[in-house]
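Reader: I've just opened this one and I don't know my way around yet. Could you walk me through it?

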Amino acid sequence: MTIVFLTIMLLVAFTVLAERRVLAFIQGRVGPNRVGFGGVLQPFADFIKTMMKEDLVPDQSTKFVFLLAPMVAVVTAIMTLIVYPFGPTVTIPFLGTFPLVIARFDVALLYLLGVTSVGVYGIALAGWSSNNKYSLMGGLRSAAQMISYELALGLALIGVILIASTLDLFTIVEQQSAWYGMQWNIFYQPIGFILYLIAAIAETNRVPFDLPEAETELVAGFHTEYSSIKFLLFFNAEYINMITVSMLATTLFLGGWNVPFAAYLFGPGTILFALVSVIGFFAKILFFLFLYIWLRGTLPRFRFDQLMNFGWKFLLPAAILNIVVTATVLFFTTG
Amino acid sequence: MITTLLFILFAGMAIGCAIAMVSQSNPLYSAISLIGVFIALASLYVMLAAPFIAAVQVIVYAGAIMVLVIFVIMLLNVEHVEPRRKRLKWLVPVAVAMAAVLIAETAFILYSVQTSQANLRASGSEVGLTYSIGVNLFTTYLLPFEITSILLLMAIVGAMSLARRATILSPVARVVPGSQVLAMDLVNPGSTSDLPAVEADTTAEVRRLMGVDMPSDVQKDD
């Protein structure tokens, strides 16, 4: 568990760095390359610098809620990590056989949706308690946006649940290991995958759906008044959310830790197989993270009415249609 | 041992949050306390081997309904509301009677559970799982399930038609050609009833109705 936590934190740090470097290359700049070899130590320098800043609390703010909001954001972001299967069942000498997942239980997917929906409060309360009109606008926007896109997100996943007929993520990944580890759900649910990806980007408040923190109109939105460690917590929560959303996409649609032919080359249950699987899992996550950065460098921001129209009038009906089609096909094929 | 400790922790959290919810004067604090109650209840459901109910509790109540409540509180920006004691006076005996009924119900449930504990243990931990709930919902309890969903659908349609009538179909609400309904009319429909009807020139009309004075040269540019 500690290993997972540290890995994710390191991944957050290097995602921030990668974001700055890749964005720089997209925009024809160099980006931060001075601290360490090629800028590798830049996130740690940023971390120390942010920690040294004065922790300002606005005079007119609601103090308790102001303190509570970043905690809610980061705790809910970290809580989702426990259900993701990082690798297959592995046999390690002297330690026994166990699956590479922290907690495995019946309603893992519902647990994820529940924790994510509680995460909205972090941003909404931060916007309200700052007693700043920009923050309030940002908080309101994000609450509206996350409610709207959570529906589409949940409905986009139902196609996969119908096929898998379980909510346990580890079982869903294991079901995708046929065809030499290539029976991924994306081949059955291409529409569901695209819908999920769009809804997930909106859910994590990233470009082109980053209206809650639109810096040109809202001065960074809900976290305008936050500084030092509290800002760092929000920043962390956003990047952990990006990673967990990518992990869910990998787990449900891209076969999780399944690497093609790995089980035949190394044999199931061996340490080498587990290692390759875990690397494969993280490679797929890195692909999604790159996609995030790529989108940020490419697309402009939506207008708010466009965002709402798109969510309610296109994504939601498309997701419902996807469910109906999937259910019909399953009814006639499996009987 | 650990189960008892966790139960005391979560039950205490639920009761504490419930008391905080009722006693707070700031509506947002009440809403946050209510979220605390829901989360504590969900934890108790998990301990009762009903993870599905717990997840749904968090998704539906803590995640969806309370977000809407907080959304409304933030939009209205209500600060401390002073309690109006005189109006609530007749509620006191009613509240006492309701509390008595509730305590009697709880005592009855406690009594019946204690007498039939053997049956509960026999049914095992399969009850709260997604599979058994799904099977029961779509076989034994299909009719109540469908009736409930139709009821909810009717509530949604009703809410939508009421909201639409209040804004667009109201005789005092005025629609400016080519633009949205004026916010002023929506908030207080009675206040504008003595004003003349909407004219065709939209920008000037909006400015006149909103009470914004614009220099004449700026108006020409538009």
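Reader: Let's pick a spot to start: is Leu151(A) buried, partly exposed or exposed?

Author: Before we dig in, keep in mind that this is a predicted model. Leu151(A) sits in helix α5 of chain A. A residue needs 20 or more C-beta neighbours within 10 Å to be buried, and 12 or fewer to be exposed. Leu151(A) has 17 inside 10 Å, so it counts as partly exposed.

Reader: And how far is the C-alpha atom of Leu151(A) from that of Ala319(A)?

Author: Along the chain, Leu151(A) and Ala319(A) are 168 residues apart. In space, the separation between their C-alpha atoms is 9.3 Å.

Reader: What about Lys284(A), is it buried or exposed?

Author: You'll find Lys284(A) in helix α12 of chain A. The cut-off for buried is 20 or more C-beta neighbours within 10 Å. Lys284(A) has 23 of them inside 10 Å, so it counts as buried.

Reader: Which residues is Lys284(A) in contact with, leaving aside its neighbours within four places in sequence?

Author: Let's stay with helix α12 of chain A, where Lys284(A) has its place. Once the neighbours within four places in sequence are set aside, the contacts of Lys284(A) are Thr250(A) and Leu254(A).

Reader: How far apart are the C-alpha atoms of Lys284(A) and Ala152(A)?

Author: These two are 132 residues apart along the chain. Between the C-alpha atoms of Lys284(A) and Ala152(A), the separation is 23 Å.

Reader: Which residue has a positive phi although it is not a glycine?

Author: Look at the loop between α5 (133-164) and α6 (169-175) of chain A. The residue there has 14 C-beta neighbours inside 10 Å, so it counts as partly exposed. Its phi is about 50°, and the residue is Ser165(A).

Reader: Let's zoom out, then. How many helices and strands does chain A have?

Author: Chain A is 335 residues, of which buried ones make up 47%. Its C-alpha atoms fill a box of roughly 60 × 50 × 40 Å along the principal axes. As for the elements, chain A has 13 helices and two strands.

Reader: What radius of gyration does chain A have, next to that of a compact globule?

Author: For 335 residues, a compact globule would come out near 20 Å. The value for chain A agrees with that, and it is 21 Å.

Reader: What share of the contacts in chain A with a separation of 6 or more is between residues 24 or more positions apart?

Author: Here we take the contacts in chain A with a separation of 6 or more. Those whose residues are 24 or more positions apart account for 79%.

Reader: How do α1(A) and α12(A) lie relative to each other, parallel, antiparallel, perpendicular or oblique?

Author: The axes of α1 (residues 2-26) and α12 (residues 271-298) of chain A come within 9 Å and cross at roughly 40°. That crossing is right-handed. Given the angle, the two helices are therefore oblique.

Reader: Which residues of α12(A) meet α1(A)?

Author: On the α1(A) side, the contact has Thr15(A), Ala18(A), Glu19(A), Val22(A), Leu23(A) and Ile26(A). Taking both sides, the residues divide into six nonpolar, two polar and two charged. From α12(A) come Leu289(A), Ile293(A), Arg296(A) and Gly297(A).

Reader: Over to chain B. How many helices and strands are there?

Author: Of the 222 residues in chain B, 14% count as buried. Reading from the N terminus, its elements run α-α-α-α-α-α-α-α-α-α. The count is ten helices and zero strands.

Reader: How are α2(B) and α3(B) arranged, roughly parallel or antiparallel?

Author: Their axes come within 8 Å and cross at roughly 175°. That angle makes α2(B) and α3(B) roughly antiparallel.

Reader: What classes of residue make up the contact of α2(B) with α3(B)?

Author: The residues that meet include Phe38(B) and Tyr45(B) in α2(B), and Tyr61(B) and Met66(B) in α3(B). By class, the contact comes to 21 nonpolar, one polar and no charged residues.

Reader: Last one: which helix gives the largest share of the side of chain B that touches chain A?

Author: The contact between the chains takes 17 residues from chain B and 19 from chain A. On the chain B side, α2 (27-47) and α3 (51-76) each supply at least two residues. That side has 15 nonpolar, two polar and no charged residues. The largest share, 13 residues, comes from α3(B).

Terms used:
Residues are numbered from 1 along each chain as its sequence is written. Chains are lettered from A and ligands numbered from 1 in the order in which they are written. This is a predicted model: local features need pLDDT of at least 70, side-chain atom pairs count only at pLDDT 80 or more; totals for chains, interfaces and linings use all residues. Axes are lines fitted to C-alpha atoms, for helices over the stretch in contact, and angles run from 0 to 180 degrees between N-to-C directions. Helices (H or I, at least four residues) and strands (E, at least two) are DSSP runs, numbered from the N terminus. Angles under 35 degrees count as roughly parallel, over 145 as roughly antiparallel, 65 to 115 as roughly perpendicular and the rest as oblique. A crossing is left-handed if the near helix is turned anticlockwise from the far one by less than a right angle, and right-handed if clockwise. Two residues are in contact if their C-beta atoms, placed from the backbone, lie within 7 Å. Ala, Val, Leu, Ile, Met, Phe, Trp, Tyr, Cys and Pro count as nonpolar, Asp, Glu, Lys and Arg as charged, and the others, Gly among them, as polar. The radius of gyration is taken over C-alpha atoms; the globule rule is 2.2 Å times the number of residues to the power 0.38.
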